[in-house]
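Please walk me through this fold. Start with a single helix residue, then take the sheet, the cores, the salt bridges and the unusual backbone spots.

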Amino acid sequence: MERFTIGISPDFDTPGRGPLVAPGTFDAGDLDAKVQFERISEQVAEYLPEHLKGLDVLLSLGPRVSAASLEGVEQLCAVGRCGVGYDNVDLDACTAADVAVYITPKAVAGPMAESIVLFILALSHRLGAKDRMTRRGEWAASQMPLGIEPRDRVIGTIGLGRISRETVRLLAAFRPGKLLAHDPYCDEAVARDAGVELTSLEDLLRRSDYVLVSCPLTPETRGLVGKDVLAQMKPTAYLINTARGPIVDEDALADALEAGRLAGAALDVFAVEPMTDTGHRLLQFDNVIATSHSIGWTEELFRDMVRESCAGALAIAQGQAPPNVVNREVLNRPSFHRKLARWGKA
């Protein structure tokens, strides 16, 4: 019997914990005898064609999938990008090679929403500064100035996707005064159901006490939060970016913090990653919380991402297109459907 081969990206293996994709991670049911896993052992920044040849589906985290990665790769039917961002995958090249790219939005929404709320509360209650001062023995000084609460304040999100909608659902417990969103692609009814007022970016910036960057990185959003945008925010407002680093102009943000034009920021993402420069300007501010593009990483997140990604792979193993495909045009290509037909009725 011909085997359906699922490739596993090398960064799914965790030091001291073993592989994140292991027997029992998902249930293949009747397909168990048909499916086999192949681990890519070499740690790479970008896949080479030899990593992908012979695979039917690739489950991937960090390495880049480029046009060069796909040269001569004819069997690959899909890339399951674990997460919701796909800026490390060349969508046009994948479409041209009849490779569907799908993501795992259900798995990511909950952990990331919790992390955004965590950032909001940590900034509001000056957690980082109080921790550092207490460790230095500055007990009395750490008690002032006072923090604030999200209660009765305005929270604005740039982007109202699945993560943002789950975030505002969780925030309801803290009784914010108003929830705003700027998202030109969001339906008014979706925003209304979420209890969010859709508005312009300018209005959101002017009114919000917290501005959440929760949009995908696209040519339109690259550098979106720059000097002019930051200048429209309240000097008492906080900026939280858990989306992608290049959406925010880091020098402009540092300038605003240095001039006291913002109350603080929380950043899980940076323009260049990994960000190992301890002299980075944004790391010099006590009112900045910085994490390593991992604030939402939990055991449950990885478990659910793998399950959701494997479910997409198993759909292909039965000749069906996976859910959550982002390069939707590939679904109209007869040559893509011929790949699916290899495993079932397309």
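Ala-311 counts as partly exposed because its relative accessibility is 43%. The residue sits in helix α11, which covers residues 299–317. Its partner for a distance check is Pro-322, 11 residues away in sequence. In space, the two C-alpha atoms are 7.9 Å apart. These values come from a predicted model.

Now the sheet. Five strands make it up, in the order β4-β1-β5-β6-β7. The sheet is open, and the pairing is parallel. Which strands stand at the edges? They are β4, residues 35–39, and β7. Each has a single partner strand, so one side of each lacks a neighbour in the sheet. From one strand to the next, the twist averages 20°. Strands of a sheet pair through backbone hydrogen bonds, in either a parallel or an antiparallel sense.

Take one pairing in detail. Strand β6 spans residues 78–81 and pairs with β7. Three bridges join them, in the parallel sense. One position can be followed by name: Gly-80 has Tyr-102 in β7 as its bridge partner.

Next, the nonpolar interior. The largest nonpolar core holds 52 residues. Which of its members touch the most others? They are Phe-4, Val-57, Leu-59 and Met-305. Met-305 repays a closer look. Leaving aside residues up to four places away in sequence, Met-305 touches Leu-61, Cys-82, Gly-83, Thr-104, Ala-107 and Val-108. Another core lies apart from the largest one. That core has 31 residues, including Leu-205, Ala-252, Ala-254 and Leu-262.

Charged side chains come next. The count of salt bridges is 18. Beside Met-305 in sequence, Asp-304 pairs with Arg-303, and their closest N and O atoms are 2.8 Å apart. Are these two residues buried or exposed? Asp-304 is partly exposed, at a relative accessible area of 24%. Arg-303 is also partly exposed, at 36%.

A second pair joins Glu-149 and Arg-151, with an N to O distance of 2.9 Å. Glu-149 has a relative accessible area of 36%, so it is partly exposed. Arg-151 is partly exposed too, with a value of 36%.

The third pair reaches between strands. Glu-197 forms a salt bridge with Lys-178, and the closest N and O atoms lie 3.3 Å apart. Glu-197 belongs to strand β10, residues 197–198, and Lys-178 to strand β9, residues 178–182. The pair therefore ties together parts that are 19 residues apart in sequence. Glu-197 is partly exposed, with a relative accessible area of 27%. Lys-178 is partly exposed as well, at 33%. This pair is also part of something wider. Lys-178, Glu-197, Asp-203, Arg-206 and Arg-207 are linked in a network of salt bridges.

Finally, the backbone. Most residues other than glycine have a negative phi, and most peptide bonds are trans. Four spots depart from that pattern here, and the loops are the place to look for them.

Which peptide bonds are cis? One runs from Met-144 to Pro-145, with omega near 0°. Pro-145 lies in the loop between α5, residues 139–142, and β8, residues 154–158. Another cis bond joins Glu-273 and Pro-274, where omega is about 0°. Pro-274 is in the loop between β13, residues 264–267, and β14, residues 288–290.

Positive phi is the other departure. Asp-98 is not a glycine, yet its phi is positive, at about 60°. Asp-98 lies in the loop between α2, residues 91–96, and β7, residues 100–102. That leads back to the edge strand of the sheet, since β7 stands at an edge. Is Asp-98 buried or exposed? Asp-98 counts as buried because its relative accessibility is 11%.

Arg-126 also has a positive phi, about 55°, although it is not a glycine. Arg-126 is found in the loop between α3, residues 105–124, and α4, residues 127–135. At 32% relative accessibility, Arg-126 counts as partly exposed.

Methods:
Residues are numbered from 1 along each chain as its sequence is written. This is a predicted model: local features need pLDDT of at least 70, side-chain atom pairs count only at pLDDT 80 or more; totals for chains, interfaces and linings use all residues. Side-chain values use heavy atoms; hydrogens and water are left out. Helices (H or I, at least four residues) and strands (E, at least two) are DSSP runs, numbered from the N terminus. Buried means under 20% relative accessible area, exposed over 50%, partly exposed in between (1.4 Å probe, protein chains only). Two strands pair if DSSP finds at least two bridges between them. Axes are lines fitted to C-alpha atoms, for helices over the stretch in contact, and angles run from 0 to 180 degrees between N-to-C directions. A nonpolar core is a set of buried Ala, Val, Leu, Ile, Met, Phe, Trp, Tyr and Cys residues joined through side-chain atoms within 4.5 Å. Contact means heavy atoms within 4.5 Å. A salt bridge is a side-chain nitrogen of Lys or Arg within 4 Å of a carboxyl oxygen of Asp or Glu.
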